[in-house]
Amino acid sequence: MKKALVIGGGIAGPVTAMALQQAGWEAVVYEAYADTAAGQIGAYLTVAVNGLSALAEIDAHHIVMDTGHATDTLSFFTSAGKHITDMPIGGTLPDGTVTHSVKRRDLYRALNAEAARRGIRYEFGKRLVDAEPTATGGVVAIFADGSRAEADLLVGADGIHSRTREIIDPNAPKVHYLGIYGLGGFVTDPALVHELGLRPGVYSMIFGKKAFFGYLVAPGGEIWWFANMPGAQELSKQTVASTAPAQWRDQLARMLAADRGPAAAIVAATPDATFVTGFNQYDMPSVPTWHNDRMVIIGDAAHAVASSSGQGVSMAVEDAVTLAICLRDLPETATALAEFEHRRRDRVERVVAHGAETSGDKAQSGLARFLVRQLTPFFLKKAAKQGVGSLNWMFDHRISWSGESADQPVHPSA
Ligand SMILES: Cc1cc2nc3c(=O)[nH]c(=O)nc-3n(C[C@H](O)[C@H](O)[C@H](O)COP(=O)(O)OP(=O)(O)OC[C@H]3O[C@@H](n4cnc5c(N)ncnc54)[C@H](O)[C@@H]3O)c2cc1C
């Protein structure tokens, strides 16, 4: 049986391991932290129907459905509290499944628990620092604790700050700080939901004067929220560790003070224990090299999809299932990796480009940000008129485990 070292127990890691197992490979997951959810940032994620459909091919979509809840409508507001428009998020799968929202920690824990339940071996506290080819045609991974592991393939599912990306190509592009901090939190306060008149099941977005704010009410009545606000200085690890929730709450309150709507009250009501303190937001240019003969990067390690597109998880999952199909059907690992890239690159780059376009309102600062924000209601109304049909190419993408064979390669030289 061929063996793969999967670096990273985030989203792409456990899904790759499960898909490889289904393809007849042995996979071992190496995670830098002691807990798969420990190194993660952000409060919650929306998982689009194309991602859920890809997960269904390895019978893992129920993990998102069981852990999260349906979120099928986006509602946009101005800083003055004026409703701009409502838009459906993505389409509906034949069985009625729609986009779901799930707490980030819950999703990481549930996906990795499912992989472990299926018999996939995990090694925690293993931070990849280097990897090199072996004389026998394999690859050896070297970890920060000095230990080593050998296999036929190394899959770098190690996120946007990927070490695997640098090992494959020392000249790979670097991430760049966007000048934006992310924050978030959870509040359980039924009286507040009632008082503010919040609608369950609707994901509301507010284009505030100084900060962008999104929130939803989960079925049990808990409010989930996130905010993006400008931050000139990239936060150091020390600053992140030493800045208390109360300081972030005050800073965000000042940003939201001039806006109407529920944002300020939601932030004020968020207890320290469920306050997701500030983190840096990054972007990454297109990565020219995704693989060599024995190593490949997938998910955020290979491409950074804007968080506002709600497609990062789906792209990671689509990558993982496609990679396993290629390795299942093509006996030469190097050929399978080339086929994988060929099948994925155009789609991923189109999604990245779409995300970059729609996140302009959040990514700009100063005058540019102001101008983009003034135009946002116009673009949103236009998009709502066009309907979700204009995004069918993104949501309707399907990967079929049984129907798609790499015996009929898309890549001409495969
Ligand atoms: C604020 C924010 C909001 C977002 N919202 C959404 C959303 O609503 N919907 C959506 O689809 N996407 C969203 N995204 C994007 C989404 O989070 C990512 O696309 C997704 O997490 C990518 O999964 P991944 O497995 O590739 O990387 P990650 O989830 O980052 O996992 C990488 C894993 O690798 C581990 N690791 C890193 N380096 C090493 C190493 N050297 N050795 C061993 N292990 C290592 C890490 O600890 C981590 O567990 C958002 C992103 C952000 C920042």
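**Strand pairing and ligand shell in the predicted model**

Strand E10 (residues 139–143) and strand E11 pair in the antiparallel sense over four bridges; strands, of at least two residues (E), and helices, of at least four residues (H or I), are DSSP runs numbered from the N terminus, and two strands pair if DSSP finds at least two bridges between them. The model is predicted, with local features requiring pLDDT of at least 70 and side-chain atom pairs counted only at pLDDT 80 or more, while totals for chains, interfaces and linings use all residues. Residues are numbered from 1 along each chain as its sequence is written, and side-chain values use heavy atoms, with hydrogens and water left out.

Within the E10–E11 pairing, Ile 142 has Arg 148 in E11 as its bridge partner. These strands belong to an open sheet of three strands, ordered E9-E10-E11, with antiparallel pairing. Strand E9 (128–133) and strand E11 (148–151) are the edges; each has a single partner strand, so one side of each is left without a neighbour in the sheet. From one strand to the next, the twist of this sheet averages 20°; axes are lines fitted to C-alpha atoms, for helices over the stretch in contact, and angles run from 0 to 180 degrees between N-to-C directions.

A further open sheet has seven strands in the order E6-E5-E14-E15-E16-E13-E17, with mixed pairing. Its edge strands, E6 (83–88) and E17 (275–283), each pair on one side only. The twist here averages 20° from one strand to the next. Strands E13 (residues 176–188) and E16 (residues 222–230) run antiparallel and are joined by nine bridges. Phe 186 has Trp 224 in E16 as its bridge partner. Helix H8 (residues 245–256) packs on the sheet and touches E13, strand E15 (212–217), E16 and E17, contact meaning heavy atoms within 4.5 Å. The direction of H8 makes about 75° with that of E16.

The ligand is surrounded by 31 residues, of which Ala 12, Glu 31, Thr 46, Tyr 108 and Asp 300 come nearest; a residue is near if one of its heavy atoms lies within 4 Å. Strand E2 (26–31), strand E3 (44–47), helix H4 (104–117) and helix H10 (312–329) each supply at least two residues of this shell.

A polar side-chain atom of Arg 104 lies 2.9 Å from a ligand oxygen atom, and a backbone N or O atom of Val 313 lies 2.8 Å from an oxygen atom of the ligand. The ligand taken alone exposes 1,000 Å², of which the protein buries 88% (Shrake-Rupley method, 1.4 Å probe).

Methods: Polar contact = N/O pair within 3.5 Å; in protein donor to acceptor, adjacent residues only side chain to side chain.
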